[in-house]
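This briefing concerns the arrangement of secondary structure in one protein model. Please examine the sequence and the structure shown here before reading the notes.

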Amino acid sequence: TLADVPQIAFDPYGTWHDPASVTGMRIHSAPPQPDRLDVEPGWLESWSAVDAAASSAIDQTLGDELSEPLVARKLGEWLPTDATVFVASSMPVRDVEEFVGVRDDPPRFLSNRGANGIDGTVSSGFGAAAASDGPVVLLIGDVALAHDIGGLLAARRLELVLTIVLIDNGGGGIFDFLPIAQSPMARGAAGGGQGSAGGDSGHPGGAGRAGGAGGMDGDMGSAGGVRRGGDPAEEDLYTRHVATPTGLDFAQAARLYGLEHETVTDVLGFRAALERALTQHPRRAGIIEVRTDRAENVALHRRAWAAVAGVLDGGV
């Protein structure tokens, strides 16, 4: 909707923050003070009104059922101002950017972006805990946690406290937003033939087959913390090679590294678990696991986007 609107970036540090290449001009200085800007009267008020209307549309769409966007939104709402939220790449950081509301005293949000990908996210979260005075929460997905699961050792070895909010949706949920997730060829069975259009979510609560890329299958399946299903050839190609569900039982991973673990299923349970993690004495590192469904998550995001677009189209 802003394709024809000139966009100007004030960039005093000479950094590059334009991945979509929409900036027409970069000014290498700090933005001017508000009293020196010649802006249209009511400009700020109009933007604030649109933001409030969009936020209300999001609240109505998300409702009170526990979901990936709602987890991000509630962290921004519930956490104290001295808290730090370290956010993993892929869906968690996008959900924070899209769904966390405006606060006068928000917690601090940190994230690895760019070439860092999902490697080392757990260790980065513990690093933030080592350098922070207030409580630190790591918002992370199951694939990113699996990639740096050895980083959990920092809780015991370095005596660091980190509350890990784990979104376990049985794979790389961000890829379900891409056309390949609905490709008939990609949804064909890995061993030949044609799979169902819906595919297998790979969620631990479902078939729970061990997934593919990055060495997360094979010999790893001999560990007691891995749930295995039937023949991997029965999986569709998309699930096995793109979504790559890990099949890991993160409760066992928590026990292995001496962390507490709790699975929550609703908003009240999530809030209670978060409050316990932040107020218990002595505090310990732990995992609060939220299990979601990838297909339902895509549908919910699209409903939220449509609701916000409806507000904008309505001329608020």
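The notes below cover the sheet, a helix lying across it, and a contact between two helices.

The model is a predicted one. Its six-stranded sheet is open, with parallel pairing. Helices α2 and α9 come within 12 Å of each other, as judged by their axes.

**Sheet**
- The strand order is β4-β3-β5-β6-β8-β7.
- Strands β4 (108-111) and β7 (260-264) form the edges, each pairing on one side only.
- From one strand to the next, the twist averages 20°.

**Pairing of β5 with β6**
- Strand β5 (residues 136-141) runs parallel to strand β6 (residues 163-168), and five bridges join the two.
- Isoleucine 140 has leucine 166 of β6 as its bridge partner.

**Helix across the sheet**
- Helix α4 (residues 121-131) lies across β3 (84-87), β4 and β5.
- Relative to β5, α4 runs at about 170°.

**Packing of α2 with α9**
- The axes of α2 (residues 68-78) and α9 (residues 267-279) cross at roughly 45°, and the two helices are therefore oblique to each other.
- The crossing of α2 past α9 is right-handed.
- On the α2 side, the contact is made by Leu70, Val71, Lys74, Leu75 and Trp78; α9 contributes Val267, Phe270, Arg271 and Leu274.
- Classified by residue type, this contact of α2 with α9 comprises seven nonpolar and two charged residues, with no polar ones.

Conventions
Residues numbered from 1 in each chain as written. Predicted model: local features only at pLDDT ≥ 70, side-chain atom pairs only at ≥ 80, totals over all residues. Heavy atoms only, no water. Axes fitted to C-alpha atoms, helices over the stretch in contact; angles between N-to-C directions. Helix = DSSP H or I, 4+ residues; strand = E, 2+ residues; numbered from the N terminus. Parallel < 35°, antiparallel > 145°, perpendicular 65-115°, else oblique. Left-handed = near helix turned anticlockwise from the far one by under 90°. Contact = heavy atoms within 4.5 Å. Nonpolar A, V, L, I, M, F, W, Y, C, P; charged D, E, K, R; others polar. Pairing = 2+ DSSP bridges.
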